[in-house]
Amino acid sequence: MDFKSTSFMAHQSTRSKRLLSHTIAEWACSLKYEHLSPEAIQAAKLFWFDSFACALGGSQQEDAKILLKHYRAMSGIQATSRDSSTEPVLSEVEGLGMTNKHHHATSNGRATVFVSGFKTNPVDVAFLNGHMIRAMDYNDIYWKADPCHPSDLIAAPLALCESEGLSGKDLILATVIAYEIEMRLCEIGRPGVREYGWHHATLSAFAAPVAAARVLNLTPEQMVSAMGISASRTFCPGAVTAGKLTNMKITVDPWAGRMGAESALLAREGFSGPEHIIDGKEGLFAVFSHVEYKGQPATFDGEGLVKDLPASPKSHYRILDCGMKSFPIEALSHSPLTAMMKTVKENNIKANEVNEIKVEVIARAADILGDPHKYRPTSKETADHSLPYCMAVGLVDGMVTPLQFREERVRDQSLIPIMDKVKVVANDEFEALFPKFQPSRVTITTNDGKSHSTRVDVPKGDPRDPMTEEEIAVKFNALGGDVIGKDQCKKLRKFVMNLDSAKKLDELLDLTIAR
């Protein structure tokens, strides 16, 4: 068959079948807060609590500071310690919100950047805040055919909710929608796009505009256009996470979130985008069908993308299947550290009582995390990939947060004798269970000869062993305490966990600002 006839057939099928963008848009536009399950609402609050923790920590990273400086310069604002009282010149993008006849904001179409309090248009704010959430690679995780971090996309609905004067319920609804579509997109690749060299931000560009458009209460036709606008310019090669890593590793996905916000605002004004961007002529499915993977063309389960979309409080929402990162460490370390913390807590073991910590893990974890130079880390980068260090500092400090990876803690000589008590061994029996499970067994032998053993098959934070509000609070206080202060951390937590009762979100944003 020649290329012209293939193109003609694709064009014919585009016209005759119902396009997925329309199915998704009609679902999202008809979904209301009352349709959400109590579990999905609670999960949205907890993921926001976790995301604010990550953002407060992320604000202190060098790349976040570079971006903030750049966007201030672009808007004509000089850096000050706090910019919430300054009045920047309106950008053209901001004007989108200002000129629209449906605009009913009380906040001048502007939104607030976390920590600095810098106010500018919601598109730039969506990006800056989304980047902060992602900056430490410590936010949520879902990994099926492709991996994703759905919270990379939720800063856009927040910025738009603020600039439009909307409520906490509006934000929760958009958050649940963002998770639903993003996670489904990462399930349907056969294989996932990452297997043939593309980054999952490619898929995020289809999900982000759906959530943003729902905040703006767009029609299904406008939402379809928003998807087309966003996805047609946000395909992302895997180079950003391959080889030498740069700041772009954690920037591409928040950029997809930014594009979602801008696309929704443009669609509201009447700007159009291709409806066939997913499964029509030369859309996502078509352009990747040319790829051969292990002798077969790459495909997508289009039916799976929209099958049983949740529509009532009795439905199962995907947000409940997403995981959190309980520790800022290499992924394979999470299970053994979870096992050790459980053993210590259940048996009330003190560091000075320990004679040996035996850690059984899969072979690749033993190889990556337990090799000899991991017993003497001198930098954060080595320490967070060192099982002996993570176990030792977790035993002594009772927690493993970014505070445990500050240079003075990593170089603390008093941890060396405890690291030397950690024995990392490969367990062949565990290999067959990976990756569905991440099994590890930790056996602590105390000085009196007693042994205490705990096996963990899923790490803390996995949806099968989710983090509680109190456990997220440990992470939140460690990341945010020095940034906005402990009192403000308490107030911010209270607001987030009562998000459904907030009529407006100005106070929420105000609580993220460092004084």
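1. Let's start with L505. Not counting neighbours within four places in sequence, L505 is in contact (heavy atoms within 4.5 Å) with L158, C161, L166, S167, G168, L171, F495 and L499. L505 also belongs to the largest nonpolar core, which has 121 residues, and together with L508 touches the most other members. By nonpolar core I mean a set of buried Ala, Val, Leu, Ile, Met, Phe, Trp, Tyr and Cys residues joined through side-chain atoms within 4.5 Å. Buried is under 20% relative accessible area, exposed is over 50%, and partly exposed is in between (1.4 Å probe, protein chains only). Helix 3 (residues 38-58) provides the largest share of this core, 13 residues. There is a second, separate core too, with 39 residues, including L337, L369, Y375 and V410.

2. A word on what you're looking at. This is a predicted model, where local features need pLDDT of at least 70 and side-chain atom pairs count only at pLDDT 80 or more, while totals for chains, interfaces and linings use all residues. Residues are numbered from 1 along each chain as its sequence is written, and side-chain values use heavy atoms, leaving out hydrogens and water.

3. Helix 2 (residues 20-30) is worth a look. Eight of its 11 residues are buried, so helix 2 is largely enclosed by the rest of the structure. Those buried residues are L20, S21, H22, I24, A25, W27, A28 and C29. They pack against helix 8 (168-185), helix 9 (201-215), helix 10 (220-231), helix 12 (284-288) and helix 13 (302-306). Helices here are DSSP runs (H or I, at least four residues), as are strands (E, at least two), numbered from the N terminus.

4. How many disulfides does the structure hold? Zero, taking a disulfide as a pair of cysteine sulfur atoms within 2.5 Å. The sulfur of C148 has its closest cysteine sulfur in C186, but at 3.7 Å that is too far for a bond. C390 is in no disulfide either, and the nearest cysteine sulfur, that of C54, is 17 Å away. C148 counts as buried because its relative accessibility is 0%, and C390 counts as buried at 0% as well.

5. Now for D448. You'll find D448 in the loop between strand 11 (440-446) and strand 12 (451-456). Is D448 buried or exposed? At 56% relative accessibility, D448 counts as exposed. Its side chain makes a polar contact of 2.5 Å with the side chain of T446, and also reaches the backbone nitrogen of K450 at 3.1 Å. A polar contact is a pair of N or O atoms within 3.5 Å; within protein, one must be able to donate a hydrogen and the other to accept it, and residues adjacent in sequence count only if both atoms are side-chain atoms. E353 is 95 residues away along the chain, yet the C-alpha atoms of D448 and E353 are separated by 8.1 Å.

6. Finally, the empty space. The second largest pocket holds about 600 Å³ of space. Of its 23 lining residues, F327, M341, K345, G398 and E471 are the closest to its centre. Helix 14 (334-347), helix 17 (387-397) and helix 21 (469-484) each supply at least two lining residues, with helix 14 giving the most, seven. On a 1 Å grid over the protein atoms alone, a pocket is an open set of points with protein on both sides within 12 Å along at least five of seven lines, a cavity is a set where a 1.4 Å probe fits but cannot get out, and lining residues have an atom within 4 Å of a point.

Methods:
Points joined across faces, edges and corners; volume = space filled by probe spheres on them.
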